[in-house]
Amino acid sequence: MERAERSPDETCVEALASGFVLLVSIVPAIGYSLVAYLSAAAFVHDVFNELGRLVRLPNFTPHAILTILLKPMVLLMGVGLEEAHYGARVLATGFLSNELGAFQELTTYAASGLLSVRTRRVLSFAVCGFHNLGSLGIVFGMLSLVAPGRSTDIASIGFSALVSACVANYLTACTVGKYNHENKILPRNFPPSTSPIHELGKISNAAAKASSFKQLANAASN
């Protein structure tokens with residue numbers, strides 16, 4: 001195993017100053033990389049769109065293609081067939097741009113009544129991460145400055161890291177879809193002193209506690 005290179009800084013103050021200098025160079029690099037990757041994605045989108053226009057294929061874009069490819073994954077998450085198309089569009093937006101754009105699209109569909117409460121929960125976990133091209137650009141821009149000698153290694157594992165991040169987030173969404181079967185939200189307007197959960201904690205008998213918990217579940221589902 002290679003030894004880490006010893007820092008040339010002799011004191012904490014010197015190390016702190018060196019860190020600030022490095023930070024000043026990292027922040028613009030992150031912004032430049034993010035803009036570059038998103039611009040490249042927009043360029044590829046326009047190229048596909050123009051090719052689709054030439055061969056008379058409407059809506060022939062990376063987003064549309066990725067939506068089709070991600071639809072089975074959305075179904076595996078437990079999203080209904082009637083909502084799977086919108087869910088796949090949200091995931092495609094999150095992958096090609098960033099999680100902010102995905103949440104904006106998710107909010108639009110939710111406000112239009114196209115997605116159920118359960119589907120919104122599942123998709124929120126699916127897009128809540130950094131598995132997108134924008135984040136990939138940020139990582140490349142930052143690590144290339146922190147470890148300039150490892151730029152080739154960083155670039156070689158970039159795509160596999162992106163796929164791994166997607167799988168991790170989608171598995172989390174599958175777990176949410178597995179154990180979340182209802183579209184209803186538990187009431188939260190109980191006063192602290194009269195909350196059924198609070199009263200349930202005072203019951204010591206196991207049978208009585210199970211009966212009270214069942215009554216609470218029935219009340220929440222009605």
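Mentor: Before we start, one definition: the angle between two helices runs from 0 to 180 degrees between their N-to-C directions. Keep in mind that this is a predicted model.

Trainee: Thanks! Which helices should I look at, and at what angle do they pack?

Mentor: Try helix 2, residues 62-76, and helix 3, residues 81-96. They pack at an angle of about 125°, and their axes lie 7 Å apart.

Trainee: Why is helix 2 called oblique to helix 3?

Mentor: Roughly perpendicular covers 65 to 115 degrees, and roughly antiparallel needs over 145. The angle is about 125°, which falls in neither class, so helix 2 is oblique to helix 3.

Trainee: And what is the handedness of the crossing?

Mentor: Helix 2 passes helix 3 in a right-handed crossing.

Trainee: How do you know that the two helices meet, and which residues take part?

Mentor: Contact means heavy atoms within 4.5 Å. On helix 2, the residues meeting helix 3 include L66, L70 and V74; on helix 3, A88, L91 and F95 are among their partners.

Trainee: What makes up this contact, by residue class?

Mentor: The residues of the contact divide into 12 nonpolar, 5 polar and 2 charged.

Trainee: How many helices and strands does the whole protein have?

Mentor: There are 10 helices and 0 strands, so every element in the run from the N terminus on is an α.

Trainee: What share of the residues counts as buried?

Mentor: Buried means under 20% relative accessible area, and 28% of the 222 residues count as such. The protein exposes about 14700 Å², with carbon and sulfur atoms supplying 67% of it.

Conventions: Residues numbered from 1 in each chain as written. Predicted model: local features only at pLDDT ≥ 70, side-chain atom pairs only at ≥ 80, totals over all residues. Heavy atoms only, no water. Helix = DSSP H or I, 4+ residues; strand = E, 2+ residues; numbered from the N terminus. Parallel < 35°, antiparallel > 145°, perpendicular 65-115°, else oblique. Left-handed = near helix turned anticlockwise from the far one by under 90°. Nonpolar A, V, L, I, M, F, W, Y, C, P; charged D, E, K, R; others polar. Buried < 20%, exposed > 50% of the residue type's maximum accessible area, 1.4 Å probe, protein only. Areas by Shrake-Rupley, 256 points an atom, 1.4 Å probe, with all protein chains shown as cover.
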